[in-house]
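Got your viewer open? Let's walk through this one stop at a time, selecting as we go.

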Amino acid sequence: MKIGIGIITYHRPFHVEHILKQIEKFKGAHDIEVYIWDDSEPKRGIAYGKNMCLYNLRHCDHIVLLDDDAWPRAEGCFDYFINSGYNHSCYMN
């Protein structure tokens, strides 16, 4: 099972670096593919960036979209969404 993680950022490399470390820390046994969309150059907007992530990760079994200021914080975080039974969900803390 492959999990695609799309990260939408606006020229904040420190945040992206932190997210990548957190993904590595909490990925468990999952096969993870990361796609990063930095909107600072094309300036097409958040919706366009999210659509680009979805398009480029379309071959994955599950897709998680993250803004550059949201990152995994606990073991099993990906399993929580995969096993939720929902086709689409949003977590806000």
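Begin by selecting strand S1, residues 2-9. Most of S1 is covered up: seven of its eight residues are buried. Keep in mind throughout the tour that you're looking at a predicted model.

**The sheet around S1**

Now add S2 (31-38) and S3 (62-67) to your selection. Together with S1 they make an open sheet of three strands, in the order S2-S1-S3, with parallel pairing. S2 and S3 are the edges: each has a single partner strand, so one side of each is left without a neighbour in the sheet. Look along the sheet and check the turn from strand to strand, which averages 20 degrees between neighbours if you ignore direction.

Which strand does S1 join through eight bridges? That's S2, and the two run parallel. To see one of the pairs, pick Ile7 in your viewer and look for Ile36 of S2 standing opposite. On the other side, S1 and S3 pair in the parallel sense over six bridges. Two spots to click here: Ile5, with Val64 as its bridge partner in S3, and Gly6, which stands opposite Leu65 in S3.

**The helices on the sheet**

Next up, select helix H1, residues 13-26. H1 packs on the sheet and touches S1, S2 and S3, and its direction makes about 160 degrees with that of S1. Trace the path from S1 through H1 to S2 and you've followed a right-handed β-α-β unit.

Then bring up helix H2, residues 46-56. H2 lies across S1, S2 and S3 too, running at about 150 degrees to S2.

**Into the core**

Time to show some side chains. How many residues make up the largest nonpolar core? Eleven in all: Ile3, Ile5, Ile7, Val16, Ile19, Ile23, Phe26, Ile32, Leu66, Cys77 and Phe78. S1, H1 and helix H3 (77-82) are the elements that give two or more residues to this core. The largest share comes from H1, with four residues.

Stay with Ile5 for a moment and display its surroundings. Leaving out neighbours within four places in sequence, Ile5 is in contact with Ile23, Ile32, Glu33, Val34, Tyr35, Leu57, Val64, Leu66 and Phe78.

**From Thr9 to His15**

Head along S1 to Thr9, which sits in that strand. Is Thr9 buried or exposed? It counts as buried, because its relative accessibility is 5% and the cut-off for buried is under 20%. Show what Thr9 touches, again skipping residues up to four places away in sequence: Val16, Ile36, Trp37, Asp38, Asp39 and Asp68.

Step on into the loop between S1 and H1 and you'll find His11. Here the picture flips: His11 is exposed, with a relative accessible area of 55%. Take a look at its backbone as well, since His11 has a positive phi of about 55 degrees although it is not a glycine.

Now click on His15, which is in helix H1. At 22% relative accessibility, His15 counts as partly exposed. Apart from residues up to four places away in sequence, His15 touches Asp68 and Asp69. You can also draw a distance from His15 to Trp71: these two are 56 residues apart along the chain, and their C-alpha atoms are separated by 9.1 Å.

**Last stop: Arg44**

Finish in the loop between S2 and H2, where Arg44 is found. Arg44 counts as exposed, at 51% relative accessibility. Turn on its side chain together with that of Tyr48, and you'll see a polar contact of 2.9 Å joining the two. For one last distance, draw a line from Arg44 to Phe78, one of the core residues you selected before. Arg44 and Phe78 are 34 residues apart in sequence and 29 Å apart in space, C-alpha to C-alpha.

Methods:
Residues numbered from 1 in each chain as written. Predicted model: local features only at pLDDT ≥ 70, side-chain atom pairs only at ≥ 80, totals over all residues. Heavy atoms only, no water. Pairing = 2+ DSSP bridges. Axes fitted to C-alpha atoms, helices over the stretch in contact; angles between N-to-C directions. Contact = heavy atoms within 4.5 Å. Right-handed = clockwise from strand over helix to strand, strands pointing away. Buried < 20%, exposed > 50% of the residue type's maximum accessible area, 1.4 Å probe, protein only. Core = buried A, V, L, I, M, F, W, Y, C linked by side-chain atoms within 4.5 Å. Polar contact = N/O pair within 3.5 Å; in protein donor to acceptor, adjacent residues only side chain to side chain.
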